[in-house]
Amino acid sequence: LLVKLRGIGDIVLAMPMMRALKERGTRITFVTGPANDDWLRAQALVDEVLVVDFHRVWRSPRRLFLLLRRVRGLGADACIDLTQSAHFPVLLGLASAAGVRVGFANRSPQKRRRNRLYSHAVPFSGREHMAACYFDLLEPFAIPRPERLQLVPLRFSRQDEEAVSAFLDDGGALGAPLAGIHATGAIAAKRWPSDRWAELCRDLQGRGFRVVAVGGGGEREAIACIAAAAGNGGGGVLNAAERLLLTQVFALMARLRFFVASDGGPMHIAAASGVPTLGLFGPEVPWRYAPLNRRSLFLYRGGRLACSPCSRPYEGSWPTCRRPRCMEAIRLADVLGAVRRLEARATAGDD
């Protein structure tokens, strides 16, 4: 039983560990939130998906009781909690009655009590990539970490490819060279300034690229503002937010020359798809969450600031600042130079 209710990017980074489990004949049931339902069901590593709407369940004692009873009925031998600080997955692990319950040991004084509820509380390394940290959770099963960590390609269907073709055709971009961006995201402190995204889009358009901006629910308007600021009546930027399903975004990635993104799920989706990817970091550090493929790059200027990194869930800390100086420290010239290096890697095809 694996538990991760939110965080598409973290699940993508956990998939190499999941692959190691599957190679040993393990059956995996994944407990997650509604946003991860459809795409997880499409992945070969997962045998069963149990969807939990946390907010509905937590407000209803009856729903909570039925969920805990269902989890216990799964008959799991082991429960692996992929979160770094939440209490609810620990409760699900206890309800499973699994003999082995594994999770990260949290360093926060307010969160340490949860560590005692695991049979194995694994020390968390703040200096290694998260894909490597997820492998540490396999320590009780004596499954070694490979020398080179490789992300698992994400599965999508022929219908997803056809939907992407229709989307690009509708925007007049079918067959054009495509550059992808993720300029928005749920955590405001992780966003690079919008005016610089617009300048980047203007530069890419001037060099013959059509820009495709991906985003989740509620991000469409913010992307439209960036597209308008980039000029060309906003028509030079294709807004995929709320237009493509997540598995269709997977299919889109295969068509991109490169991808530029703030730290978040789409950045890891691109990296797993083998796309040369530039990650922009500030509240989080790249040695934990950099895009994990050999054709990718990152920019991080937060090391010059005493407040960065402020995203440390394993210590009970999340970014809250409204003006992230760590992201503002990344200059437009830095990104333009890195994008040209990405283009060179994309042309070379060296992975």
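User: Which residues line the largest cavity?

Analyst: In this predicted model, the lining is made up of Cys-79, Ile-80, Asp-81, Pro-89, Val-90, Gly-93, Arg-101, Val-102, Leu-117 and Tyr-118. About 40 Å³ of space lies inside that cavity. A search of the whole structure turns up one cavity of 30 Å³ or more.

User: Which strands and helix each supply at least two residues of that lining?

Analyst: Those are strand 4 (78–81), helix 5 (88–96) and strand 5 (100–105).

User: How does the lining of the largest cavity split up by class?

Analyst: You get seven nonpolar, one polar and two charged residues. Asp and Arg count as charged, so Asp-81 and Arg-101 from the lining go in that group. Gly counts as polar, so Gly-93 goes there.

User: What makes Phe-54 and Phe-88 an edge-to-face aromatic pair?

Analyst: Start with the distance: ring centres must lie within 6.5 Å, and here they are 5.0 Å apart. Then the angle: planes over 60 degrees apart count as edge-to-face, and this pair has 65° between the planes. Both tests are passed, so the name fits. Phe-54 lies in helix 3 (residues 54–58) and Phe-88 in helix 5, so the pair ties together parts that are 34 residues apart in sequence. Ring pairs also link Phe-54, Trp-58 and Phe-88 into a cluster.

User: Why is Phe-88 called buried, and Phe-54 partly exposed?

Analyst: Buried means under 20% relative accessible area. Phe-88 has 7%, so it counts as buried. Phe-54 has 28%, which falls between the 20% and 50% cut-offs, so partly exposed is the right label.

User: And why is the pair of Phe-104 and Tyr-134 called tilted?

Analyst: The ring centres are 6.0 Å apart, within the 6.5 Å limit, so Phe-104 and Tyr-134 do pair. Their planes meet at 45°, which is neither under 30 nor over 60 degrees, so the pair is tilted. Phe-104 sits in strand 5 and Tyr-134 in helix 7 (residues 130–136), so parts 30 residues apart in sequence are tied together. Phe-104 and Tyr-134 are both buried.

User: How do you know that Asn-106 is buried?

Analyst: Its relative accessibility is 2%, and the cut-off is under 20%, so Asn-106 counts as buried. You'll find Asn-106 in the loop between strand 5 and helix 6 (112–115). A polar atom of the Asn-106 side chain lies 2.6 Å from the backbone oxygen of Gln-84.

Conventions
Residues are numbered from 1 along each chain as its sequence is written. This is a predicted model: local features need pLDDT of at least 70, side-chain atom pairs count only at pLDDT 80 or more; totals for chains, interfaces and linings use all residues. Side-chain values use heavy atoms; hydrogens and water are left out. On a 1 Å grid over the protein atoms alone, a cavity is a set of points where a 1.4 Å probe fits but cannot get out, and a pocket is an open set with protein on both sides within 12 Å along at least five of seven lines; lining residues have an atom within 4 Å of a point. Grid points are joined across faces, edges and corners, and a volume is the space filled by probe spheres set on the points. Helices (H or I, at least four residues) and strands (E, at least two) are DSSP runs, numbered from the N terminus. Buried means under 20% relative accessible area, exposed over 50%, partly exposed in between (1.4 Å probe, protein chains only). A polar contact is a pair of N or O atoms within 3.5 Å; within protein, one must be able to donate a hydrogen and the other to accept it, and residues adjacent in sequence count only if both atoms are side-chain atoms.
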